[in-house]
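Reader: Please take one part of this model and describe it closely, in a single connected account. I should like each term to come with its cut-offs.

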Amino acid sequence: MRAVEIRTGSFHSVLKKEEIYLHTYQDSKEARRAIFKYTEGWYNRKRIHISIGYLTPQQKEDEELKKQCNLSTFFVQSIDIDPTFQGRCVNGKKSKGSRPSSNSTVIGSS
């Protein structure tokens, strides 16, 4: 729990230094828009973070998704592999395939 509080505090500190203290907002709506634009347009997409290996959060998320899609999940129904399972990755994202039946057993997952 403490680590989350530290990261959140660090984010707020950076947000104040890099966005809030540098601008004057006409109203709360304008401030919300600017903070959203900063967070989604800069902080998560372009600003590198030391704590995740000098990557942007978006790059780290994409990297983790790619790893997840490269790993296989096997489902077993009784002794045979369930032939109806069609989970696969499409454009770097897991697609929704047929799910194993309720009496299937997961023997490996990612």
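Author: Of the contacts (heavy atoms within 4.5 Å) in the protein chain between residues at least 6 apart in sequence, 39% join residues at least 24 apart. The model is predicted: local features need pLDDT of at least 70 and side-chain atom pairs pLDDT 80 or more, while totals for chains, interfaces and linings use all residues. Residues are numbered from 1 along each chain as its sequence is written, and side-chain values use heavy atoms, leaving out hydrogens and water.

The part chosen is helix H2, residues 28-43; helices are DSSP runs of H or I with at least four residues, numbered from the N terminus. Ala31, Ala34, Tyr38, Thr39 and Tyr43 are buried in H2, that is, under 20% relative accessible area with a 1.4 Å probe, counting protein chains only. Viewed down the helix axis, these buried residues fall within an arc of 130° (taken from the directions from the axis to the C-beta atoms), so they line one face of H2. On the face turned away from that buried side are Lys29, Arg32, Arg33, Phe36 and Lys37, which are exposed, meaning over 50%.

Two aromatic pairs occur in the structure; rings of Phe, Tyr and Trp (its six-membered ring) pair if their centres lie within 6.5 Å, with planes under 30 degrees apart counted as stacked, over 60 as edge-to-face and the rest as tilted. The rings of Phe11 and Tyr43 have centres 4.8 Å apart and planes at 75°, so this pair is edge-to-face. It links distant parts of the chain, Phe11 lying in helix H1 (residues 2-18) and Tyr43 in H2, 32 residues apart. Tyr38 and Tyr43 make a tilted pair, at 6.1 Å centre to centre and 40° between the planes. Together, Phe11, Tyr38 and Tyr43 form one aromatic cluster.

Technical notes: Helices (H or I, at least four residues) and strands (E, at least two) are DSSP runs, numbered from the N terminus.
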